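Reader: I am new to protein models. Can you show me how to read one, feature by feature?

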Amino acid sequence: SRSLCTVVCKWTYTSDGGWDDSFWKMIGLEDLVKDKYKKIGNHVLSPGESVGKGLMPEAAKDLGLPEGIAVAASLIDAHAGGLGVIGADVKGHNLPCENQPITSRLAMICGTSSCHMGVSETPIFVPGVWGPYFSAMVPGLWLSEGGQSATGKLIDHVVRGHVAFPELQSKAAASAHSIYTYLNSHLDLIKKSLPVGFLTVDLHVWPDFHGNRSPLTDLTLKGMVVGLTLSRGLDELALIYLATIQAIALGTRHILETMEAAGHHINTLFLCGGLSKNPLFVQMHADITGKPVVLSKEVESVLVGAAILGACASGDFASIQ
């Protein structure tokens, strides 16, 4: 069995038309078309549908789980995170998305790279944003998927490559904090009376060190830093760290503005993933996009998404919604 999510998002399948013979022929993989696509599978299930007769004896033994327990058709990892966070209950927090359909929300899965997932009731074609994919994340809704090729990886690259990194490492270790908690508090120390964001008024990062996925879709783009001085201490490391986070948030704003210009109506961001645990990253996204940012109580949103699929496959719930 194949998951509709995977074959729609990655393999040009559509829920109404199935496989596209002409595509496989065009790219020289016409042998996959043989025997009704037997090689790559032609039994496609919606995420959360029950697969086969549940867990087989051998797998059950290896996993220490009961034989026959329900197995759900899966979601791609980022899509499971999107599902795990986009339907969060926001009652009583005065958010603009309260009592609005989930089409007013953008789920951001922020890790090594980042995914920006928005859903709509009708297909919206957004330049430089993948999709729209029908039922690929939330059944019955179209998914638009933007992304940034390097985010957590970029922050790491910039911080660890700086000449003051050994000093940062030893000071963070001495204060029993992570390097990022230490950097955030160091920025608070040097900001004086202005908000922290203004520290980088003369320092600018273009964050496409690994090309641009959305919305420019240009893999040849490279990164850039403007405003460097001869100073090379901990202050300068903290500033380039801040400018990199701001650049990533500005990239998110670029994706958002492109989605909204195409017809999406998004008023709230829902963040999950490793970077959502960094308060500075979250705050800069709120400041730069001008939209409230929601974090769910359960930080492992990908696991929540997977659990929702399991709860549907078992029959405990009638639908993902």
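Author: We will take the nonpolar cores, then a surface patch, then the aromatic rings, then one serine. Keep in mind that this is a predicted model.

Reader: Let us begin inside. Which residues touch the most other members of the largest nonpolar core?

Author: A nonpolar core is a set of buried nonpolar residues joined through their side chains. Here the largest one has 47 residues, and Val159, Leu168 and Leu187 touch the most other members. Several elements each supply at least two residues, among them strand S3 (105–110), helix H6 (152–160), helix H7 (165–174) and helix H8 (179–190). Helix H9 gives the most, with 15 residues.

Reader: What is Leu187 in contact with, beyond its neighbours within four places in sequence?

Author: Leu187 meets Val196, Leu199, Ala238, Leu239, Tyr241, Leu242 and Leu280. There is also a second, separate core of 40 residues. Val85, Cys115, Met117 and Cys272 are included in that one.

Reader: Now the outside. Which residues form a nonpolar patch on the surface?

Author: Look at Trp206, Leu216, Met224 and Val226. Together they have about 360 Å² of accessible area. Trp206 sits in strand S7 (residues 204–206).

Reader: Why does Trp206 count as partly exposed?

Author: Its relative accessible area is 35%. Partly exposed covers the range between under 20% and over 50%, so Trp206 falls there.

Reader: How do I read a pair of aromatic rings?

Author: Use the distance of the centres and the angle of the planes. This structure holds eight aromatic pairs. Take Trp19 and Trp24: their ring centres are 5.9 Å apart and their planes at 65 degrees, so this pair is edge-to-face. Now take Trp19 and Tyr37: the centres are 5.3 Å apart and the planes at 25 degrees, so this pair is stacked.

Reader: Where do Trp19 and Tyr37 lie?

Author: Trp19 is in the loop between helix H1 (4–11) and helix H2 (21–26), and Tyr37 is in helix H3 (residues 34–37). The pair therefore ties together parts that are 18 residues apart in sequence. Trp19 and Tyr37 are both buried, and Trp24 is buried as well.

Reader: Which residues form one aromatic cluster?

Author: The cluster is made of Trp11, Tyr13, Trp19, Phe23, Trp24 and Tyr37.

Reader: Last one. Is Ser301 buried or exposed?

Author: Buried, because its relative accessibility is 3%. Ser301 is in helix H11 (residues 301–313). Not counting residues up to four places away in sequence, Ser301 touches Ala80, Gly81, Gly84, Val85, Cys272 and Ser296. Two of these names came up before: Val85 and Cys272 are in the second core.

Notes: Residues numbered from 1 in each chain as written. Predicted model: local features only at pLDDT ≥ 70, side-chain atom pairs only at ≥ 80, totals over all residues. Heavy atoms only, no water. Core = buried A, V, L, I, M, F, W, Y, C linked by side-chain atoms within 4.5 Å. Buried < 20%, exposed > 50% of the residue type's maximum accessible area, 1.4 Å probe, protein only. Helix = DSSP H or I, 4+ residues; strand = E, 2+ residues; numbered from the N terminus. Contact = heavy atoms within 4.5 Å. Patch = residues over 30% accessible without salt bridge, like charges linked within 9 Å, V, L, I, M, F, W, Y side chains within 5 Å. Areas by Shrake-Rupley, 256 points an atom, 1.4 Å probe, with all protein chains shown as cover. Salt bridge = Lys/Arg side-chain N within 4 Å of Asp/Glu carboxyl O. Phe/Tyr/Trp six-rings, centres within 6.5 Å; stacked < 30°, edge-to-face > 60°.
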